[in-house]
Protein chains: 2
Amino acid sequence: MSENSLASVLKESGNTVELLRNSKIGMYVYPVVAPEFSNWREEQRAWRDSAVLFDQSHHMDELIVEGPDAAAFLESLSINSFANFGLNRAKHYVPVSPSGHVIGDVIAFREREDKFILVGRAPTCNWVKYNGTLGKFNVSIVHDPRSPSRPDGKEVTRVHYRFQIQGPNAPKIFERMNGGPIPDIKFFHVDWINVGGRKVQALRHGMAGAPGLEIWGPYEEKDEIRDAILKAAEGLDLYQVGARAYSTNTLESGWIPSPLPAIYTHPDMQGYREWLPAAGYEATGSIGGSYVSDNIEDYYVTPFELGYDFYIKYDHDFIGRSALEAMQGKTHRKKVTFEWNAEDVMKVIASNFVPGGDNYKWIDFPQPNYASTSADMVMHDGKMVGMSMFNGYSFNERCMLSLGIVDADIQEGDVLTLVWGEPNGGSGKTSTERHKQAEIRVRVSPTPYAREARENYAESWRTKGS
Amino acid sequence: MSENSLASVLKESGNTVELLRNSKIGMYVYPVVAPEFSNWREEQRAWRDSAVLFDQSHHMDELIVEGPDAAAFLESLSINSFANFGLNRAKHYVPVSPSGHVIGDVIAFREREDKFILVGRAPTCNWVKYNGTLGKFNVSIVHDPRSPSRPDGKEVTRVHYRFQIQGPNAPKIFERMNGGPIPDIKFFHVDWINVGGRKVQALRHGMAGAPGLEIWGPYEEKDEIRDAILKAAEGLDLYQVGARAYSTNTLESGWIPSPLPAIYTHPDMQGYREWLPAAGYEATGSIGGSYVSDNIEDYYVTPFELGYDFYIKYDHDFIGRSALEAMQGKTHRKKVTFEWNAEDVMKVIASNFVPGGDNYKWIDFPQPNYASTSADMVMHDGKMVGMSMFNGYSFNERCMLSLGIVDADIQEGDVLTLVWGEPNGGSGKTSTERHKQAEIRVRVSPTPYAREARENYAESWRTKGS
């Protein structure tokens, strides 16, 4: 076993939870992009009221998978079927462990019959890359890891730039960019549009009904393309979104970016753990939050729990298939949005204005997550009934929200208790100060967090006492 | 008059206050350096409890002034005397306008008889540079402007790196860096020390009694020097300070970094305004805050008001001398620290947790300034008695603090009212969201903000109701 592998790090540590809860890697940041272009409140408001430009060029890994077996190879690792994965389409691609737990997720683009691009966090890219080395499929793989977290003035380059444009004014901007109506691209399909004299690939996506496009191309054309977008958008209130607002977008759209990769325990993955480096995401990515189990598997989640069960297709063989088949029809935890009680949030903040230091964990706005993976206990009658996994403040909702999972019998509207902060004054992570734990009431709400829910019951409760 | 000059911009605008209050330049940021290395609360705590490494390589302009007349030239623009400005010393150098108002301030280092390096914000560097072009003195000037605010992955270089090391553990770190005791450098004197096999220049400075050193050298040696410092500091709890915590250090040490340069009105400075560009600091630097006067001169401050009167020496002729002589012995406003009432701060924050949008101006932590120059009204009995000029949250003090000036008859301990936020829903600056104005009680405290004051009277008041 290499001394520089995840396997050796795990063996030396003896306790994976303790290892990851005390990682010194620091904040999981959205690198290179400026923290703010205007200010994060207005940047959040713009994705609902006008239009936003997300620069996604830097925070995700990219994996280019090519070869005659590319489709068969990728499908062998995926809960998704490739039966309807035509050219110029994209999929939300989810690999699971042999035990049926989520390793991660990426967006997979099919550029050619024999060429795919995977874009997302490291765990999925690493897992696919490793499997490519096993020689079972005829594929070649190129990995472009995300940009450094603290480039410190050094030049940063990527293979591709990647922009998203969203919001109610986006269609007008697309038409101007394209110099005429754009093709009617179906959801998660790809077509070509014009941007400033160049033809670029565009993926149709969108959140909450508003159409959006993601475009990409050679990184060296990035500035030219951005300038063309900004020029086309003149007068249409397009806001460039900085790193501080960016990661909070998912609170409103309901995707959980950071499940712990379920790769630490299954015996069939020992080869993978020996292959993974001692300095990579899996060995250094941190776990933060009030939930401390002695079993790392308690942090794993299934596709059923994340709401990805409708992706699962048993028309192909894949790693984890039999485990998922055994889970089928059982009772599963479910994904929800937790809406945080304003009065309790104020209590936490106010504790940081009392000299003497007996403070609750600072809630950093708009993005208080302090680890690569967050796991906060959500309680009911003294029993843990859920786990909060990604949090943030929405200026649109004037509310702290988090995404997570709850037991099947928890209902929308239930008021539960989130335990905020880590026990025993906090872990050894560099990303948090010493603190005590607080209880914050949270109301279970739908995912994506819906205007209806807000208007029907949430408002009076949220504003109580504030 | 060039169309690309400050003078033409001012003429076109017709209202300088309105021009600067509505600048679209965005936040005044501390560029390139990572927002956080660990977390900003711990980084603040470290400068009081252990030791910090400030990376000052990027946020300041540098001006290298050389030539047989260098000393005479610089002294002709400065309230400071150069009589005792020996080799290897530094001065807090302050030029004023012909009306005796502060243009800015820098640290001036004398490297040789005929060579000085000025380090600080743009206004002083621009003013000195301009005067160098007038041909009255035999000097040559090289200007290295600060790094771009949003480098976006492009390479950034400077002439010099610049680090500061401060805190109670700093002396032990210096000794280890140097490989033995360092020379006994007097305050604001420069000597040479060893760092990782290189000889580097070190300025002795310090805040609140704790010794500190500022070291600099060729930018290409930056990484090597930083690594040597970090290695020397192992086990001594040295924290690298990120951009978010950095600018709040001055709240505890009492220096106001951002007075408005007093260059917009005096007729003798029309040539300067024609020389200054339309895209520079003076034309685009923003004014933010509740204080709106129709006269830009109301934002000017004097050396007396900033506590720099002890620098003024009439042993030489300098621009503004006669104006200062006329001010001598008069009653002046004075610099103070405003300690913000926690209950009122909470009221402002809580308004951002009420759906519907009738929010007070967001207080962004730890650095809520939203302009190049801040000017918030400080009131007593409905009358403006002061101006808050730079604010921030101190985790050490568990308190919002700001620096500013008050009328001479205001006493320490007085409770005044700071008007937080801009009138009419906010200006046209991109750095702020729409908001309404709030009143925040502030207690007048000494500058630098003293532990004694805190312990003797502040504590009970600050915690009231929180």
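1. Two strands are taken to pair if DSSP finds at least two bridges between them. In this predicted model, strand β15 (residues 376-380) of chain B and strand β16 (residues 383-394) of chain B are joined by 5 bridges and run antiparallel. One residue of this pairing can be followed by name: Asp376(B) has Ser388(B) in β16(B) as its bridge partner.

2. The two strands belong to a wider arrangement in chain B, where a closed barrel of 6 strands follows the order β13-β17-β16-β15-β18-β19, with antiparallel pairing. Within this sheet, neighbouring strands are turned against each other by 40° on average, with direction ignored. As background, the strands of a sheet pair through backbone hydrogen bonds, and they may do so in a parallel or an antiparallel manner.

3. A helix should be read together with the barrel, since the two share contacts: helix α13 (residues 342-350) of chain B lies across β13 (334-340), β17 (399-406), β18 (415-420) and β19 (438-445) of chain B, and runs at about 150° to β19(B).

4. Turning to the relation between the chains, a rotation of 180° with 0.0 Å of shift along its axis superposes chain B on chain A, the RMSD being 0.0 Å. The two copies are therefore related as by a two-fold rotation axis. Among the residues of chain B, Glu155(B) comes closest to that axis, with its C-alpha at 2.1 Å.

5. How many residues of chain B are in contact with chain A? The contact involves 52 residues of chain B and 52 residues of chain A. Because 100% of the interface residues of chain B are also interface residues in chain A, the copies meet through the same surface.

6. The area buried between chain B and chain A is about 4,400 Å², and carbon and sulfur atoms give 56% of it. Of the area that chain B buries against chain A, 17% is supplied by Asp152(B), Phe353(B) and Arg398(B), which is more than any other three residues supply.

7. Across the interface of chain B and chain A there are 10 salt bridges, and 25 residue pairs are in polar contact. Arg41(A), for example, forms a salt bridge with Glu433(B), in which the closest N and O atoms are 2.7 Å apart. On the side of chain B that touches chain A, at least two residues each are supplied by α3 (40-49), α7 (222-232), α13, β17 and α14 (451-463) of chain B. The largest share of that side, 5 residues, comes from α13(B), the helix that also lies across four strands named above, including β19(B).

Methods. Residues numbered from 1 in each chain as written. Chains lettered and ligands numbered in written order. Predicted model: local features only at pLDDT ≥ 70, side-chain atom pairs only at ≥ 80, totals over all residues. Heavy atoms only, no water. Axes fitted to C-alpha atoms, helices over the stretch in contact; angles between N-to-C directions. Contact = heavy atoms within 4.5 Å. Least-squares fit on C-alpha atoms with pLDDT ≥ 70 in both. Buried area = accessible area lost by both parts, 1.4 Å probe. Salt bridge = Lys/Arg side-chain N within 4 Å of Asp/Glu carboxyl O. Polar contact = N/O pair within 3.5 Å; in protein donor to acceptor, adjacent residues only side chain to side chain.
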